[in-house]
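User: I am new to this structure and would like a close look at one part of it. Please take me through the salt bridges, and then through what surrounds them.

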Amino acid sequence: MTNAADLELIALADDMDALAAWLRAHGQASWADRVLGHSRRVRKRIPEGVIGFLADSGGLSDVYFSPVNGNAASESDGQRLNEELRRLTLRPFERAFELKHAAMDASGSGHTPRR
């Protein structure tokens with residue numbers, strides 16, 4: 001039987017897979033591979049999948065689409081792509097963040113409460 005925590009992990013991995021597919025489709029194969037690696041660990045219930053994705057989220061925020069970078073046809077195209085990337089990144093980041101803190105709360109590992 002699948003419990004709520006398993007469903008959250010599955011949802012996180014699905015979100016990460018969608019992000020990875022989008023990254024690959026937009027010329028970011030290296031980032032796609034990293035995100036897929038984290039997704040595979042999440043599906044196997046390996047905590048480093050969540051932690052690694054959260055750690056990589058900072059670097060992923062450096063991906064920027066622009067004609068100057070050669071990865072967008074125009075400024076408006078770049079803006080559209082950057083917005084899509086933000087949208088696709090936000091959901092798995094929020095899920096991963098919540099899962100990490102729920103696990104810390106459950107383990108009694110003591111962390112600074114979020115505000």
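Analyst: The structure holds 11 salt bridges. This is a predicted model. Side chains of opposite charge can pair when their charged atoms come close.

Start with arginine 95 and glutamate 8. They form a salt bridge, and their closest N and O atoms are 3.5 Å apart. Arginine 95 belongs to helix α4 and glutamate 8 to helix α1, so the pair ties together parts that are 87 residues apart in sequence. How exposed or buried is each partner? Arginine 95 is buried, because its relative accessible area is 18% and buried means under 20%. Glutamate 8 is partly exposed, with a relative accessible area of 35%.

Now take aspartate 15. Its salt-bridge partner is arginine 91, with 3.7 Å between the closest N and O atoms. This pair also links distant parts of the chain: aspartate 15 sits in helix α1 and arginine 91 in helix α4, 76 residues apart. Aspartate 15 is buried, with a relative accessible area of 14%.

These two pairs belong together. Glu8, Asp15, Arg91 and Arg95 are linked in a network of salt bridges.

Next, look within a single helix. Arginine 80 and aspartate 77 meet through their side chains in a salt bridge, at 2.5 Å from N to O. Both residues lie in helix α4. They are 3 residues apart, which is about one turn of the helix. Is each of them buried or partly exposed? Arginine 80 is partly exposed, at 42% relative accessible area. Aspartate 77 is buried, at 18%.

Turn to the pockets. The largest pocket has a volume of about 320 Å³. Its lining includes Glu8, a member of the salt-bridge network. Leu9 is another lining residue, as are Arg45, Leu99 and Lys100. Three elements give two or more residues to this lining: α1 (4–25), α3 (48–60) and α4 (75–107). By class, the lining has 9 nonpolar residues, 3 charged residues and no polar residues.

Stay with leucine 9 for a moment. Leucine 9 lies in helix α1. With a relative accessible area of 15%, leucine 9 is buried. Which residues does leucine 9 touch, leaving aside its neighbours within four places in sequence? They are Val42, Arg45 and Leu99. Val42, Arg45 and Leu99 also appear in the lining of the largest pocket. Lysine 44 is 35 residues from leucine 9 in sequence. In space, their C-alpha atoms are 9.3 Å apart.

The second largest pocket comes next. About 170 Å³ of space lies in this pocket. Residues lining it include Ser57, Leu60, Tyr64, Asn82, Arg86 and Phe93. Helices α3 and α4 are the elements that give two or more residues to its lining. The largest share, 6 residues, comes from α4. The lining of the second largest pocket divides into 6 nonpolar, 4 polar and 1 charged.

Then there is the nonpolar core. The largest one has 24 residues, and Leu19 and Leu23 touch the most other members. The elements that give two or more residues to this core are α1, α2 (29–43), α3 and α4. Helix α1 provides the largest share, with 8 residues.

What does leucine 19 touch, not counting residues up to four places away in sequence? The list is Val35, Phe53, Leu60, Leu85, Leu88, Thr89 and Pro92. Several of these names have come up before. Leu60, Leu85 and Thr89 are among the residues that line the second largest pocket.

One more charged residue deserves a look. Aspartate 56 lies in helix α3. At 14% relative accessibility, aspartate 56 counts as buried. Leaving out residues up to four places away in sequence, aspartate 56 touches Trp31, Arg34 and His38.

To gather the threads, return to the network. Glu8, Asp15, Arg91 and Arg95 are its linked members. Helix α1 carries glutamate 8, and helix α4 carries arginine 95. The other link likewise joins aspartate 15 in α1 to arginine 91 in α4. Helices α1 and α4 both contribute to the lining of the largest pocket, and both give residues to the largest nonpolar core.

How values were computed: Residues are numbered from 1 along each chain as its sequence is written. This is a predicted model: local features need pLDDT of at least 70, side-chain atom pairs count only at pLDDT 80 or more; totals for chains, interfaces and linings use all residues. Side-chain values use heavy atoms; hydrogens and water are left out. On a 1 Å grid over the protein atoms alone, a cavity is a set of points where a 1.4 Å probe fits but cannot get out, and a pocket is an open set with protein on both sides within 12 Å along at least five of seven lines; lining residues have an atom within 4 Å of a point. Grid points are joined across faces, edges and corners, and a volume is the space filled by probe spheres set on the points. Helices (H or I, at least four residues) and strands (E, at least two) are DSSP runs, numbered from the N terminus. Ala, Val, Leu, Ile, Met, Phe, Trp, Tyr, Cys and Pro count as nonpolar, Asp, Glu, Lys and Arg as charged, and the others, Gly among them, as polar. A salt bridge is a side-chain nitrogen of Lys or Arg within 4 Å of a carboxyl oxygen of Asp or Glu. Buried means under 20% relative accessible area, exposed over 50%, partly exposed in between (1.4 Å probe, protein chains only). A nonpolar core is a set of buried Ala, Val, Leu, Ile, Met, Phe, Trp, Tyr and Cys residues joined through side-chain atoms within 4.5 Å. Contact means heavy atoms within 4.5 Å.
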